[in-house]
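User: Please examine the model shown below and explain its confidence, its helix packing and its chain contact.

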Amino acid sequence: MSKATIIPFGPQHPVLPEPLHLDLVVEDETVVEAIPQIGFVHRGLEKLVETRDYNQFIYVAERICGICAFGHSLGYAETVEALMGVEVPKRAEYLRVIWHEISRIHSHLLWLGLAADAFGFESLFMHCWRLRERVLDIFEKTTGGRVILSVVSVGGVNRDIDSTQMDEILHILDGIEDDYRQIMQVMLTDASVKNRTVGVGHISYEDAVSLCMVGPFARASNVAYDVRMFGHGGYGELSDFRPLCATEGDCYARVKVRCEEVLQSIAIVKEMAAKIPAGDIAVPVKGSPAAGAESANILEQPRGECYYYARGNGTKYLDRMRMRTPTSQNLAGMVSVLEGCDLADVNMIILTIDPCISCTER
Amino acid sequence: MFTSEFMPLALENVASEAAQRKSDGWRFVQLLAVADNTGSGDRDNAVDLVYSYMKDGRLENLVVKNVAVGEDEAKVDTVPSITDQYLSAFVFENEAHDLFGVHIANIAIDFAGHFYQVPVREPMTIISPEQKEAHERAAKMAAAKAAKEKAAAAGKTSGADAENAAKPAPKSDADIEAKLAGLPPEKAAKIRAAMEAKAAKEKAAQKGEAGNE
């Protein structure tokens with residue numbers, strides 16, 4: 001009979017820059033239990049809402065995470081707008097969708113590069129990040145920032161994208177798309193990728209539903225849930241949107257879903273750029289949220305559904321701002337999928353969940 | 001479009017509601033705690049809990065009001081864990097315990113207060129001076145507004161003639177106090193000092209005029 005041994009994983013680990021610790025209980029080479037531990041980088045950002053007014057807090061919200069920076073500022077702004085009954089101009093909604101989808105391309109390309117690095121495909125990692133640089137160039141040209149964009153404000157956006165810039169974005173995206181299709185083909189067909197991902201870390205549809213998983217992690221197990229399908233904000237203007245799912249439920253399916261979502265995001269940006277109406281990009285917002293007023297909002301971040309909650313107190317400061325990030329919702333699924341896997345596959349499984357611990361702890 | 005609603009939930013129904021929602025196919029979205037710093041509740045140290053569930057584009061936020069928290073075990077409310085129904089809630093239940101001091105019984109993966117490495121206990125229940133000041137200011141503004149409305153209503157019923165009503169009424173002390181209550185204390189102090197200086201100047205001028213006569 002084999003003896004159970006506890007192997008610590010993280011919080012410092014070569015495959016995962018995020019401070020996640022796991023106590024892996026292993027018997028021979030098989031993980032029988034995984035006990036997660038986070039809490040190493042809790043920064044108390046939600047508490048800051050008491051000392052920054054509702055306009056200033058946008059800059060705090062987008063610093064929760066460098067990869068979902070735009071998404072957090074957007075989710076926060078939409079929540080405060082719902083709290084105060086603010087209607088955002090149509091053009092601003094389109095611009096928000098364009099930047100949000102470009103952020104998703106940036107996030108997925110970054111993740112695909114990290115995944116390639118994890119299974120030792122260095123050149124693929126370099127190519128993914130090379131394309132990501134071109135996406136960051138779009139941000140720099142349109143907002144002035146590469147990671148923290150600071151373009152969202154309560155009531156709209158701070159900057160417009162004129163027709164020349166829009167043409168340039170489309171031109172860059174066309175170039176990215178051509179290169180990306182080649183990378184995607186390698187990612188989905190190369191034997192060295194498949195050897196590490198096919199059949200690894202399988203989670204069934206029933207378990208994914210039962211564990212309330214979200215994002216590409218859930219969609220890879222055929223859970224057709226994506227907040228964008230509700231058509232909130234500018235997404236309501238899309239001619240068609242369907243969540244991209246896979247049925248396999250393994251690491252390969254999670255790679256595949258993210259690969260296809262990059263092309264979906266490029267198509268969304270193109271459609272929005274073609275249909276964007278002229279008009280104002282923001283409305284002036286005056287006053288303060290009423291005392292005791294509450295609002296809740298959800299947004300599809302690159303890693304999955306993110307939940308936002310705000311409560312006003314009659315002043316320009318909020319009583320509470322809450323962000324429930326996709327990773328915190330997926331931790332239960334991660335613990336579940338690690339049980340029974342090979343020790344050598346742990347890093348690959350954790351990576352395909354794309355955990356963001358800084359987001360989770362805030 | 002998805003819809004978002006808030007509805008009340010009694011503390012004793014937390015577990016049964018979770019079981020019912022699970023069997024009806026609802027997805028558990030999140031659990032959050034909000035410190036009740038407004039003093040509106042009937043307990044000194046209490047939080048509200050918000051359980052969110054989603055199904056078919058309906059986001060329902062169930063609010064459990066006034067849950068007693070703190071270190072005194074005799075006075076706190078014990079909240080049942082819903083991790084037997086929704087395992088994903090373990091993250092939020094541990095967070096509510098570590099940051100707000102909510103006592104939650106039988107969490108499936110219980111970190112017993114070591115989920116977050118925070119330097120102070122229950123940091124989210126500490127009322128910052130800024131927040132306290134904001135609450136006091138909001139309360140003063142609300143009281144001044146109510147007094148003004150009451151005075152306006154009384155003036156209307158007394159039958160003030162239209163000519164007088166058309167004239168801009170001189171600012172009463174209550175109006176000025178209401179405006180000052182909404183300003184930061186340093187600014188309000190400066191304005192008060194300026195007003196006192198102006199009053200003193202006017203008084204001195206009146207004295208001078210009387211002397212000349």
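**Confidence, packing and contact**

Analyst: Chain A has a mean pLDDT (the predictor's confidence in each residue, from 0 to 100) of 87, and 100% of its residues reach 70 or more. This is a predicted model, in which local features need pLDDT of at least 70, side-chain atom pairs count only at pLDDT 80 or more, and totals for chains, interfaces and linings use all residues. Residues are numbered from 1 along each chain as its sequence is written, while chains are lettered from A and ligands numbered from 1 in the order in which they are written.

User: Which element of chain A has the highest mean pLDDT?

Analyst: Helices (H or I, at least four residues) and strands (E, at least two) are DSSP runs, numbered from the N terminus. The lowest mean among the elements of chain A, 78, belongs to helix α12 (residues 357–361). The highest, 92, belongs to α9(A).

User: Is α3(A) roughly parallel or antiparallel to α9(A)?

Analyst: Helix α3 (residues 90–118) of chain A packs against helix α9 (residues 251–275) of chain A at about 155°, with axes 9 Å apart. Axes are lines fitted to C-alpha atoms, for helices over the stretch in contact, and angles run from 0 to 180 degrees between N-to-C directions. Angles under 35 degrees count as roughly parallel, over 145 as roughly antiparallel, 65 to 115 as roughly perpendicular and the rest as oblique. Therefore α3(A) and α9(A) are roughly antiparallel.

User: Which element supplies the largest share of the side of chain B that touches chain A?

Analyst: Contact (C-beta atoms, placed from the backbone, within 7 Å) involves 36 residues from chain B and 33 from chain A. The largest share of the chain B side, seven residues, comes from α3(B).

How values were computed:
Two residues are in contact if their C-beta atoms, placed from the backbone, lie within 7 Å.
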